[in-house]
There are 2 protein chains.
Amino acid sequence: MKPRILLVEDETDLGNVVRQYLEMEMPEFQVDWVNNGRAAYERLKTRQTHYQIALIDVSMPEMDGFELAEKIVQLGLNLPFLFLTARNEKSDRLYGLKIGADDYISKPFDIDELVLRIRNILKRNAGVVIAADNRSAIAREDVIFYKETLKLVIKNTNEIDLTPREAELLDYLFRNENRVLKREEILTQLWGQNDYFLGRSLDVFISRLRKHLNDSDFISIDNVYGVGFVFQVRRK
Amino acid sequence: MKPRILLVEDETDLGNVVRQYLEMEMPEFQVDWVNNGRAAYERLKTRQTHYQIALIDVSMPEMDGFELAEKIVQLGLNLPFLFLTARNEKSDRLYGLKIGADDYISKPFDIDELVLRIRNILKRNAGVVIAADNRSAIAREDVIFYKETLKLVIKNTNEIDLTPREAELLDYLFRNENRVLKREEILTQLWGQNDYFLGRSLDVFISRLRKHLNDSDFISIDNVYGVGFVFQVRRK
DNA sequence: ACAGATTGTTAACAGATCTTAAACGGCTCG
DNA sequence: CGAGCCGTTTAAGATCTGTTAACAATCTGT
């Protein structure tokens, strides 16, 4: 199952913008947006879904952000959280940090900075390391490729261990998706030379990767006869 | 030994003030202050002393803060760091966060806020630490590791005595749980160098730790062929 | 449609890498 | 000085991986 981010924000416009931006910038996460503290609390209480991090607006009707955060701590969920708020008084900031916030970000905030801060918090906390530079994990539609752990996850269920060479080739394909790659290009890039036997070797790896990618509805490796291959990533 | 904080700051006055204040507010930590990036790098390169967090000034002569931080990431130390800086341009802030900073704090900063932010970062990073009668311990699921007394307790029944080297390696693994650790990283950090025989030695210790951890249902040490190891901590 | 070229798939092999037990040798401490 | 501990080295066996081989399937120009 995709790791999840919980966004708690009562302003409809801002909530929508942030959710959309996060899903675009961090496609390997699902963003759940709720518009009040109580709804967030209900979700967290019954650990039905497990969240990686919570982004909480301080000023909300009914149950405000501070109150929600305190409940999170009380519940003993080890859930990182940060505040997104228009209130930038020192006392508020200190209070937020004191109850354990991993960050306290004042509106208007830079959304790129928010993404980076979230990534850095998750990096320390979660098992799955996703670097900001997108080099260690690549997500496309129903496929996530963790380059460092040599793991390939399809439809969030199917977890496959790759060999180093398989991973290297797959990485190369991802970095050149949707364009025709000549055999010669691939061989000189990955094997350093280009002869008949290495060509056959490449075919074997292509075959293995195809088998691995069988369960994906969006990704396939297509042959261009006499030329090379195309790593096709279809969009939804 | 007291856990340590590394402060890298070239301005003498500020360095002194911050160090004194931190030691007053966080007496359980020892604060080591060095006044340039190169000195900090030398300390971190081989693992003479182990730090919990690094506070880094961006503007320094010789090796600047960004450069130092990049080296920290390259070395594969899982060391949290944050920037203390007078530069508050958006591009600088984004760059700092991009290379993995846990925070980017602009001077003049509120020292109480700094302390809170440091505490929150450490809280997440250290996991459940039991500080009873000054024996520091790391607890994860069904395993408790008392690193001062070199004892490992599994399921509250099985008590195992570790050798110093075993404990050192296990400590390193705990600090880097759920990440791929390259053989080279481990060897340069723990043994100070990396050659064939030390590699064999590492394998032997891994094997011994595995035997010790056999009774845990949650922790295992997995190999990534041709790369290194992953210290897997599964959650309930 | 046919032949040759290219590509696809599977199995087998050899070398690299990893695992583990056991032997070794330096060190400490009584 | 002898026993015990501990890190290192050795060595044998297990496992993993990239390559090769063999054969099947597909493509292309004629």
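# A protein–DNA model at a glance

A:L150 sits in the loop of chain A between β7 (143–146) and β8 (151–154). The model is predicted, and this loop is a good place to start reading its backbone. Phi of A:L150 is positive, near 60°, although the residue is not glycine. Most residues other than glycine have a negative phi. Is A:L150 buried or exposed? A:L150 counts as buried because 21 other C-beta atoms lie within 10 Å, and the cut-off for a buried residue is 20 or more.

Chain B offers a contrasting case. B:N156 lies in the loop between β9 (151–154) and β10 (158–161) of chain B. Phi of B:N156 is also positive, near 60°, and B:N156 is not glycine either. B:N156 is exposed, since 9 other C-beta atoms lie within 10 Å and the cut-off for an exposed residue is 12 or fewer.

A glycine joins the list. B:G226 is in the hairpin of β12(B) and β13(B) and has a positive phi near 80°. The table sets these residues side by side.

| Residue | Phi | Place |
|---|---|---|
| A:L150 | near 60° | loop between β7 (143–146) and β8 (151–154) of chain A |
| B:N156 | near 60° | loop between β9 (151–154) and β10 (158–161) of chain B |
| B:G226 | near 80° | hairpin of β12(B) and β13(B) |

**Cis peptide bonds**

Most peptide bonds are trans. The bond joining A:K107 and A:P108 is cis, with omega about 0°. A:P108 belongs to the loop between β5 (103–106) and α5 of chain A. Chain B has a cis bond from B:K107 to B:P108, where omega is near 0°. B:P108 is placed in the loop between β5 (103–106) and α5 (111–126) of chain B.

**A sheet in chain B**

Three strands of chain B make an open, antiparallel sheet. Which strand order does the sheet follow? The order is β11-β13-β12. The edges are β11 (180–182) and β12 (219–224), each pairing on one side only. From one strand to the next, the twist averages 25°.

Strands of a sheet pair through backbone hydrogen bonds. On one side of this sheet, β11(B) pairs with β13 (residues 228–233) of chain B over three bridges. B:V180 has B:V230 of β13(B) as its bridge partner. On the other edge, β12(B) pairs with β13(B) over six bridges, again antiparallel. There B:I221 stands opposite B:F231 in β13(B). Three residues separate the strands of the β12(B) and β13(B) hairpin.

A helix crosses part of this sheet. Helix α7 (residues 183–190) of chain B lies across β11 and β13 of chain B, at about 65° to β11(B).

**Where the chains meet**

How many residues of chain A are in contact with chain B? The contact involves 25 residues of chain A and 25 of chain B. On the chain A side, α4 (90–98) and α5 (111–125) each supply at least two residues. The largest share, eight residues, comes from α5(A). By class, this side of chain A has eleven charged, nine nonpolar and five polar residues.

**Around the DNA**

DNA strand D has 22 residues around it. A:T163, A:R165, A:F197, B:T163 and B:F197 come nearest. Helices α6 (164–175) and α8 (196–212) of chain A each give two or more residues to this surface, as do α6 (164–175) and α8 (196–212) of chain B. The surface has twelve nonpolar, six charged and four polar residues.

DNA strand C is surrounded by 16 residues. Here the closest are A:S207, A:N223, B:D203, B:S207 and B:N223. Both α8 of chain A and α8 of chain B give two or more residues to the surface near strand C. Its residues divide into six nonpolar, six polar and four charged.

**Confidence in chain A**

The pLDDT of chain A averages 88, and 93% of its residues score at least 70. Residues 127–135 of chain A fall below 50. Beyond near neighbours in sequence, that stretch has 16 contacts in the model.

Terms used. Residues are numbered from 1 along each chain as its sequence is written. Chains are lettered from A and ligands numbered from 1 in the order in which they are written. This is a predicted model: local features need pLDDT of at least 70, side-chain atom pairs count only at pLDDT 80 or more; totals for chains, interfaces and linings use all residues. Two residues are in contact if their C-beta atoms, placed from the backbone, lie within 7 Å. Helices (H or I, at least four residues) and strands (E, at least two) are DSSP runs, numbered from the N terminus. Ala, Val, Leu, Ile, Met, Phe, Trp, Tyr, Cys and Pro count as nonpolar, Asp, Glu, Lys and Arg as charged, and the others, Gly among them, as polar. pLDDT is the predictor's confidence in each residue, from 0 to 100. Two strands pair if DSSP finds at least two bridges between them. Axes are lines fitted to C-alpha atoms, for helices over the stretch in contact, and angles run from 0 to 180 degrees between N-to-C directions. A residue is near a molecule or strand if its C-beta atom, placed from the backbone, lies within 6 Å of it.
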